[in-house]
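Visitor: I would like a close look at a single part of this molecule and at what surrounds it. Please pick one, and say how each term is defined as you go.

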Amino acid sequence: MTDEKIPAAGSGGRSHLGAGSRITGELHFPGTVELPGYVKGRVEASAIVIKEAGEVEGELHSASITIKGHFDGQVMGGKVKLHASARVTGEITYESLSIESGAQVEGKFTLRPYAKDTKPDDQVSGSTV
């Protein structure tokens with residue numbers, strides 16, 4: 001065990017998938033996850049970081065999402081940040097959004113409070129779970 005401090009968004013620790021990794025499926029992390037490889041599917045974590053070399057197709061669900069690489073799909077997030085190197089296509093539902101100059105973004109944006117257990121269809125219909 002180390003005495004290293006973990007940021008609030010990463011209260012469950014920090015996970016890192018290695019560069020060159022290719023993963024398909026539904027991934028759940030208790031803390032922060034860094035994605036420098038390829039992921040196809042659903043990723044849920046306290047905080048998600050798609051690194052510059054990372055490519056994700058599918059869904060992201062997190063209170064904090066940082067995209068530096070490629071993303072195609074649906075984001076359900078609280079604080080969403082798109083860096084200058086980001087290449088994003090899809091739907092982004094966010095509580096707060098920042099887009100750096102140079103980011104390439106194409107899609108639909110919706111401002112909504114982030115609720116961890118809210119499903120996209122429930123938000124559209126306005127029903128409660």
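Guide: What follows takes strand S6 (55–67) as its part, working from the chain as a whole to pairing, core and charges.

This is a predicted model, in which local features need pLDDT of at least 70 and side-chain atom pairs count only at pLDDT 80 or more, while totals for chains, interfaces and linings use all residues. Residues are numbered from 1 along each chain as its sequence is written, and side-chain values use heavy atoms, with hydrogens and water left out.

The chain has 10 strands and 1 helix; helices (H or I, at least four residues) and strands (E, at least two) are DSSP runs, numbered from the N terminus. From the N terminus, the order is β-β-β-β-β-β-β-β-β-β-α. Of the 129 residues, 40% are buried, where buried means under 20% relative accessible area, exposed over 50%, and partly exposed in between (1.4 Å probe, protein chains only). The chain has an accessible surface of about 7300 Å², and carbon and sulfur atoms hold 49% of that surface. These areas come from the Shrake-Rupley method with a 1.4 Å probe; for residues, only the protein chains shown count as cover. Among contacts with a separation of 6 or more, 6% are between residues 24 or more positions apart; a contact means heavy atoms within 4.5 Å.

Start with the pairing of S6. Two strands pair if DSSP finds at least two bridges between them. S6 runs parallel to S4, with 7 bridges between the two. Arg42 has Glu59 of S6 as its bridge partner. S5 is also parallel to S6, through 4 bridges, and there Ala47 is opposite Ser64. With S7 the sense is again parallel, over 12 bridges, and Ile65 faces Val80 of S7.

The pairing with S4 can be followed at a glycine. Gly41 belongs to strand S4. Its C-alpha is 4.7 Å from that of Gly58, although the two are 17 residues apart in sequence. Beyond four places in sequence, Gly41 has contacts with Gly25, Glu57, Gly58 and Glu59.

Next, the interior. A nonpolar core is a set of buried Ala, Val, Leu, Ile, Met, Phe, Trp, Tyr and Cys residues joined through side-chain atoms within 4.5 Å. The largest such core has 23 residues, and Leu35, Val43, Ile48, Leu60 and Ile67 touch the most other members. S6 is one of the elements that give two or more residues to this core; the others are S3 (32–35), S4 (38–44), S5 (47–50), S7 (70–82) and S8 (87–94). In soluble globular proteins, nonpolar side chains tend to be buried together.

At the end of S6, Ile67 touches Ile50, Leu60, Val75, Lys81, Leu82, His83, Ala86 and Val88, leaving out residues up to four places away. Thr66 is also in S6. Thr66 counts as buried because its relative accessibility is 16%. With the same four-place exclusion, Thr66 is in contact with Ile48, Val49, Ile50, Lys81 and His83.

Charged pairs come last. The whole structure has 4 salt bridges, a salt bridge being a side-chain nitrogen of Lys or Arg within 4 Å of a carboxyl oxygen of Asp or Glu. Arg42 makes one with Glu44, with 2.9 Å between the closest N and O atoms. Glu44 is buried, as its relative accessibility is 13%. Arg42 also makes a salt bridge with Glu59, with the closest N and O atoms 3.3 Å apart. This pair links distant parts of the chain, with Arg42 in S4 and Glu59 in S6, 17 residues apart. Arg42 is partly exposed because its relative accessibility is 22%, and Glu59, at 26%, is partly exposed as well.

Lys81, a contact of both Ile67 and Thr66, forms a salt bridge with Glu100 (3.7 Å, N to O). Lys81 is in S7 and Glu100 in the loop between S9 (96–99) and S10, so the pair ties together parts 19 residues apart in sequence. Relative accessible areas of 31% for Glu100 and 30% for Lys81 make each partly exposed. Through shared partners, salt bridges join Arg42, Glu44 and Glu59 into one network.
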